[in-house]
Amino acid sequence: MIKLILHQMWNERRQNGWLFLEIVAVSIFLWLAIDPLFILESRRSIPAGYVADNLYRIKLKEYKETHIKYNKNCRENSLEVCRNAFNVVKSIPEVEYVCTAIDRSYPNSGSISSSICYIDSTLSADGETKSLGAVFYQITSEEGDNYPATFGLVNALTGETAQIVNNGNVNSVFVSRSFAMEGFGTLNVVGKKIRDSGGKSELMICGVVEDIPFQQYANPTHVVFHTYPSYESRYMGVFDMFIRLKEGVDGKAFMRRFNEEITPQLGGGNIYCGGIKSHIDERDELNEMMGYGNTYRIQTALTLFAVLCTFLGVVGTFWMRANARRRDIGLMRSVGASSGRIVAQFVVEAVLLVTVAFLVAQPLLMHKVYAMGFAEPLVDFITRTDVKGDYIHDIAWVHFVAVSIISYIIILLVALSGVVIPACRIARILPSEALRDE
Amino acid sequence: MILIYLKQAYRMMLQNRLYSAIYVVGTALSVSFVMTLFIIFYIKLGPVYPEYNRSRTVSMNYITLEVNSDDGWFSSSRYGASQNLCNLLREIDGCEALATHCGGHSYSFTVNEIDNCDGRFVNNDFWRVYDFEFLAGKPFTDADAHSPLVVVSENFARQLFATADVVGREININNTRNRIVGVVKSPGGCTPDCYSQFWIPAAHSLLNNEKAGHSIVGEYEVEILCSPSYDIDNIVSNVKGIIERLASERPENEKYIPKIARHWAKILNVKDEEPTLLDALSKYIYVIMALLFIPALNLGGMIATRMSNRMDEIGVRKSFGATNVNIVYQVLCENMLLTAMGTVTGLLLAYIITYTAKDWILTIFDVYVNTLAPSNIITGDMLLNPTIISLTVLLIFLLNIISALLPTLYSLRHSISESLNKK
């Protein structure tokens, strides 16, 4: 059968040549369209390291002097107003945990604050003084302010929800798993010390949590949670809060009630509540702002374009070819060929054509990747802070093969769906009917 | 003769519905994608209201100030240009007008108790660089620089007073009363450099100038309208020269890096120092070529198959005296009819896509997307621009002719007897 098919393909080489060229072009186009989507999806599948569901941010704001509602006679203590607001929020029955939200100190906040930490040679994994870049999150551990529980951080040693420790020390830190492993070669680092970028302060590690990418599409990076025992120990202006709602609470209904009943209770003087927003909505807005939404839209549109072109090309070519082969098919049917065999002949023909065309496109794509690299759908500063891991988007050959397999499967499925319809139609024809027409 | 060919083409189209449908859909797909891209780039780069002078505008959106301190501390911040720098830039040869402006979301304006209004502090040249259409009143002048005046957009006037006839009325902007002197046709979010709901004189007391008195950095974004007879690259060099001279008078640990770019370089986020527009557009040109060539190959394949099925018909026509030119002409007429139908369908699709996705489609190639940006106003002259329609139609017809011509010419190489024996 294969010999017959190859013979048939060779006889129709001119018509096949066009389709072959189209599939080569589509293979390259589709591969390039899928590559950025693959990178984004692969990065999105990395565990977040915290629980984004049921997490909400409450904004506290202050009127500027130029604002129409600014009252210049108010000289309130902003920290006291915020602390009162915190206590009001903490007492809401639907709220399970609450914590303060310091700028750049939580995942998907939009920006980061990073610094270098030093580990003495006596403690480091390789016996040398080590410097490690890390994202710094600043958190507080005042009574009732529970950042780890609010975000659902996981203790890397026990696998349970991490607990905050208020030892009254302004130099306590939590570190992430990757920081502990790269810096010390072990997760048992509680009680060990690191030095900050200036080398002046010693920071004592009091916990290790699972890795936490600072944005949804970022690889996990080293994170240090610098814990302040009180609001006074770290200057706090007007701050926002995060709350975690109890399981089973309807988020939308809660937000409605919050806006109507709680918002007026928060603030005072020139400080007011700027509303409540779900963390997932804020994360999605950030992703939109970073252009990921547009990347998905444009790459999906280009993928659909390639898929439609392949489908139309295969359906059109094979439909006309099937009609042109009515006599051959009539003869084959009259000497006993089943309709299944005729369909199989068309299908194998399409599979061979697609496979050879796809293989021809591979060296061109390899050259592209070698010369120009893979797609870069992420903004610069995210990839700059990546800690390379064993993720498939970080291993070049695995990345290439994965995108190639996805592209091949798509083209093959589209080509098969395009060939099966005309093949089934022509295979149903009666031999007498086919031969009479000729 | 053409009429006969067209009638014949029409009948062929009805007889071969699947072939015709695939041909039309394939062409429409290509046209809709290419046209949508052309519309996006036209709106972002071409002369649209009120930025009709984009081709001869040079922008300086910010100046990065890097400071290295003795103890290794380093900082990098972005600022606008100072009033002093703007005054010097205005004297450059070839500077026809210099607009200085600032505002947007960094300023929170409350107008008549409506929060978060978009306002912009502008100088008088702003009205020369940007060609706003005044529906009533006129822009403020040099003499009005310190007066509490305001120009409002038509939409904002209607939002405040339910009418556009508001010249002479007063509005309260952040606790100061401002008299409306003009109403302009509303710009959309697709012209972010000049978009606003209202514009007030740059010397207004509400402008909080934190770097006042600095010789280089300050609050203002700068747009230089270059005279048509001057070389824009020379003007850019002169701007850089002035900043370098001013920087040499500042402390040594301060480094000033201005972001100066022509409109297209700014929009396309060009990082290279001196690329051409073609370099900047090259990656998009590859995409457009793929969008054109893949369907053309598709059509070529179908036409090749179809021509091999029509060999007997060609043999009969040849035996009755038809020349190769006659046959090519007939095949081209058939294809032109289908191409025309596909092109019209594709253009309509492109307009539907652009209009329905107008809130995000113009940012589709942006590295950072301003999610708070005002909605875009897509007008008829943006969609029905004759140049981009002609270019799209020309490209499609050219490629479809080539994809029809190659298989047709190949099939005509056979003699009459060969063609008839094919059956």
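**Domains, chains and one helix**

Visitor: How many residues of domain 1 of chain B are in contact with domain 2 of chain B?

Guide: To read a contact, look at both sides of it. Here, 10 residues from domain 1 of chain B meet 10 residues from domain 2 of chain B. Keep in mind that we're looking at a predicted model.

Visitor: Which classes do the residues on the domain 1 side of that contact in chain B belong to?

Guide: Sort them by class and you get eight nonpolar and two polar residues, with no charged ones.

Visitor: And where do the two domains of chain B run?

Guide: A domain can be written as one stretch or as stretches joined by a plus sign. In chain B, domain 1 is 2–49 + 277–421, while domain 2 is 70–252. Their C-alpha centres are 45 Å apart.

Visitor: What is the domain assignment of chain A?

Guide: Chain A has domain 1 at 2–47 + 290–437 and domain 2 at 55–289. The centres of these domains of chain A, taken over C-alpha atoms, are separated by 48 Å.

Visitor: How many residues of each domain of chain A are in contact with the other?

Guide: Count each side again: 14 residues of domain 1 of chain A touch 15 residues of domain 2 of chain A. On the domain 1 side, α2 (13–44) and α8 (292–324) of chain A each bring at least two residues. The top contributor there is α2(A), with three residues. By class, that side of domain 1 of chain A holds eight nonpolar, three polar and three charged residues.

Visitor: Now the chains themselves. How many residues does each give to the contact?

Guide: Chain B puts in 37 residues and chain A puts in 34. On the chain B side, the elements giving two or more residues are α2 (17–45) and α8 (277–309) of chain B. Of these, α8(B) has the largest share, with 15 residues. The chain B side splits into 21 nonpolar, 13 polar and three charged residues.

Visitor: Let's zoom in on one helix. Which residues of α9 in chain A are buried?

Guide: In α9 of chain A, residues 326–334, the buried ones are A:Ile329, A:Gly330 and A:Arg333.

Visitor: Why are they said to be on the same side of α9(A)?

Guide: Picture looking down the helix axis and checking which way each residue points. These three span an arc of only 105° around the axis, so they sit on the same side of α9(A).

Visitor: What phi does A:Gly336 take, just after α9(A)?

Guide: For a backbone angle, check the sign as well as the value. A:Gly336, just past the end of α9(A), has a positive phi of about 110°.

Technical notes
Residues numbered from 1 in each chain as written. Chains lettered and ligands numbered in written order. Predicted model: local features only at pLDDT ≥ 70, side-chain atom pairs only at ≥ 80, totals over all residues. Domains from an automatic or database assignment. Contact = placed C-beta atoms within 7 Å. Helix = DSSP H or I, 4+ residues; strand = E, 2+ residues; numbered from the N terminus. Nonpolar A, V, L, I, M, F, W, Y, C, P; charged D, E, K, R; others polar. Buried ≥ 20, exposed ≤ 12 C-beta atoms within 10 Å, placed from the backbone. Arc of directions from axis to C-beta.
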